[in-house]
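Grab your viewer and work through these exercises one at a time. Each comes with a solution that goes step by step.

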Amino acid sequence: MLITILQRAVMQGTPLLFGSTGEILTEKSGHLNLGIPGIMYVGAISGVAGSFLYEQSVASPELMNPFLAVLIPLLCCLIGAGLMGLIYCFLTVTLRANQNVTGLALTTFGIGIGNFFGGSLIKLVDSDVPSIALSTTSKIFKTELPFADQLGWFGDIFLSYGFLVYVAIIVAIISTYILNRTRVGLHLRSVGESPETADAAGINVTKYKYLSTCIGSAIAGLGGLYYVMDYANGVWSNNGFGDRGWLSIALVIFSMWRPSISILGSILFGFLYVIPTYIPDISVSAKKLFEMLPYVVTILVLVITSIRNKKENQPPAALGLPYFREER
Amino acid sequence: MKKVNNSLHTSHFSSPFHIVKRDDIVWWKAWMFRVISVILALIVCGVITISLTGINPVKMYLTMIEGAVGTTRLVWNLFQNTAILLCVSLAVTPAFKMRFWNIGAEGQVLIGGLATATCMIFLGGTMPTPLLILVMLVLSILAGAVWGLVPAYFKTRFNSNETLFTLMMNYIAIQIVAYFTLEWSVPKGSGTPRTLEMGQLPALFGQKYLINIIIVVIITVIMYIYLKYSKQGYEISVVGESENTAKYIGISVKKVMLRTMAISGAICGIAGFLLVAGTDHSLKSDTAGGRGFTAIMVSWLGKFNPLFMILTSFLIVFLQKGASKISEVYRLNPSFSDIITGIIIFFIIGSEFFINYKLKSNKKETEAERC
């Protein structure tokens, strides 16, 4: 049973890991992107739309090319979520709009897009299927690593997930490496800590902000795609993604802006998410109180880090602040 | 013509424009930009609607107006929704003016609503209704204020990031309310919220929502005067402009922050009180319905001015009601209204840039230099 709980915790945590890695990259450039929940919805629905159209265009599921079946939703998702990042960037960096307002508007917009197309996609393309159920694509997304069944508990815990879980972990590790060990990462962090200094040092602040936000959004979008294709077995349900977008932002704080810690943090959050299911005789209402725990833990981390006031555990110094070169 | 092209190619400027801050802009020009942006947004929305659904956009906008103000009941509904949204927007405004990003209005509203519902359930019938309503009001104000003070305390004491703190507080409030909704639902655990009979706000002149609207109008006037003419309102602006200046002229920044957040939370508490006792007569985890977040946009779009905010909150509620009518008539998904709202807000946000800055062509200057 412990193994099942761990497995489910990892599966619950993966969308959060994608979301938080993407948000960390964005926040490192000094932009608090509150549009992440909307971006994750858009990532999910773009992938779903791409894969739905592909499944519709193929005569029967057996004829589907597994390579294309993965590649099409993946690309659609990256493009859709990346475009959302571009909207955010255009408004906040180029048009110098307020980050919080833009982010919240983006969330409204993104969730709207997700639910609208999720609810009307079938009608819009005049299809006769009763609901969006991409079971064939989902099966490909859920393919386990080889030997998962034969290695007992080891296989269950480490090898039994769809490939996006490993992608999430690899992306988090690569992000950590880039942020801490490369020149690009150093520049990015300096943009988030003090854009004036970075600008004076000859770093193209605008370029870094655009790139980190768009790449971050694309990564966060994958979280939505993972949720639909793998966790929800390819079935789209409106608002099914729930508040996972906000949980990813919580996870950013919990992991103190370190993608490597958010790998473990995501599993912990996932664990808190699934644990009520395994408590015998728990009432429906008490479950709601359990769902509060990740946020409580996040606030505790936020408070403790600010009390200890260690430099390396703080948010980027220029987080949420606008940067206009002319107004220095 | 060729010469111009040459000058562009050899120009050492990386872009054809550079940005200059406007010193100030005549008010009608600023509003012209805003109106143009809304019109552009409506055109874009129209194009999107046609390409997705093939609906005639003129017809669509007529449906929208009909959906918002088509019947007397709808008009009252529109006003009541505007009032509540305005109330939450008024609540967050003093905090924003102080550059304290209170994005926890959703939670503060819910906690206020929870306090009201608790009174209605447990004190209903033990005291006369006017007294009960007073107790409900006071307790919801207190609850909202406390919910707002917690992040403010940690901000002033340990400099915790208030945006993230208030954001997290929302979800704690949502889950607590979800818990009590289930506990109180009839039958217990079913999720159907209990109708709260005792302590409902009275209907004035036969209009159920009139009292809500009157209360919000009073709060609007008070908030306008408070921000514009009171000493405390002035202190808020100074802290917002520059904390160092505030310290230098002897304003206690911590005190102002705590006080302002208490006010912010308290007004959110009132909004929760109005929603539970005046509008819904029940409590659900989506009683606040995202207004805590929409209010941030309303307040910002209204330039933190309570009188402009009447307009912006009306605009947003009008759009939402209208767009949900469209989705109802043309059998689209109700989320259509979110897309429309999002697009229009993007355009208004974008228009602020052209109000605050102007683009100057670099081409002219390089030519001028050559001459």
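**Exercise 1.** Work out how helices α7 and α8 of chain A are oriented to each other, and which residues meet where they pack.

*Solution.* Keep in mind that this is a predicted model.
- Start with the geometry: α7(A), residues 163–181, packs on α8(A), residues 183–193, at an angle of about 75°, and the two axes are 5 Å apart.
- Now classify the angle. Anything from 65 to 115 degrees counts as roughly perpendicular, so α7(A) and α8(A) are roughly perpendicular to each other.
- Then list the partners. α7(A) brings Ile178(A), Leu179(A), Asn180(A) and Arg181(A), while α8(A) brings Val184(A), Gly185(A), Leu188(A) and Arg189(A).
- Sorted by class, this helix contact holds 4 nonpolar, 2 polar and 2 charged residues.

**Exercise 2.** Find the largest nonpolar core, and say where it lies with respect to the two domains of chain B.

*Solution.*
- The largest core runs to 190 residues, and the ones with the most contacts inside it are Cys87(B), Val88(B), Met168(B), Ile267(B) and Ala271(B).
- Which helix gives the most to this core? That's α11(B), with 14 residues.
- Domain 1 (18–55 + 337–371) and domain 2 (73–329) of chain B both give residues to the core, so it lies between them.
- Zoom in on Ala271(B): beyond its neighbours within four places in sequence, it is in contact with Ile84(B), Cys87(B), Val88(B), Ala91(B), Val109(B) and Gly112(B).
- Apart from the largest core there is another one, of 5 residues, including Leu188(A), Val191(A), Ala198(A) and Tyr208(A).
- For background, nonpolar side chains tend to be buried together in soluble globular proteins.

**Exercise 3.** Describe how domain 1 and domain 2 of chain B touch.

*Solution.*
- Taken over C-alpha atoms, the centres of the two domains of chain B are 31 Å apart.
- Domain 1 of chain B puts 6 residues into the contact and domain 2 of chain B puts in 8.
- On the domain 1 side, those residues split into 4 nonpolar, 2 polar and no charged.

**Exercise 4.** Take apart the side of chain B that touches chain A.

*Solution.*
- Count first: 43 residues of chain B and 45 residues of chain A make up the contact.
- Next, map chain B's side onto its elements: β1 (17–21), α6 (129–158), α7 (162–184), α12 and α14 (336–356) each supply at least two residues.
- Of these, α7(B) has the largest share, 13 residues.
- Finish with the classes: chain B's side has 28 nonpolar, 11 polar and 4 charged residues.

**Exercise 5.** Is Gly290(B) buried, exposed or partly exposed, and where does it sit in chain B?

*Solution.*
- Place the residue: Gly290(B) is in the loop that links α11 (253–280) to α12 (291–301) of chain B.
- Because it has 14 C-beta neighbours inside 10 Å, Gly290(B) counts as partly exposed.
- Check across the sequence too: Gly107(B) is 183 residues away along the chain, yet the C-alpha atoms of Gly290(B) and Gly107(B) are 9.9 Å apart.

**Exercise 6.** Sum up chain B as a whole.

*Solution.*
- Chain B has 15 helices and 2 strands.
- Along the principal axes, its C-alpha atoms fill a box of roughly 90 × 60 × 35 Å.
- Of its 371 residues, 45% count as buried.
- Looking at contacts in chain B between residues at least 6 apart in sequence, 78% join residues at least 24 apart.

Conventions:
Residues numbered from 1 in each chain as written. Chains lettered and ligands numbered in written order. Predicted model: local features only at pLDDT ≥ 70, side-chain atom pairs only at ≥ 80, totals over all residues. Helix = DSSP H or I, 4+ residues; strand = E, 2+ residues; numbered from the N terminus. Buried ≥ 20, exposed ≤ 12 C-beta atoms within 10 Å, placed from the backbone. Contact = placed C-beta atoms within 7 Å. Nonpolar A, V, L, I, M, F, W, Y, C, P; charged D, E, K, R; others polar. Axes fitted to C-alpha atoms, helices over the stretch in contact; angles between N-to-C directions. Parallel < 35°, antiparallel > 145°, perpendicular 65-115°, else oblique. Domains from an automatic or database assignment. Core = buried A, V, L, I, M, F, W, Y, C linked by C-beta atoms within 7 Å.
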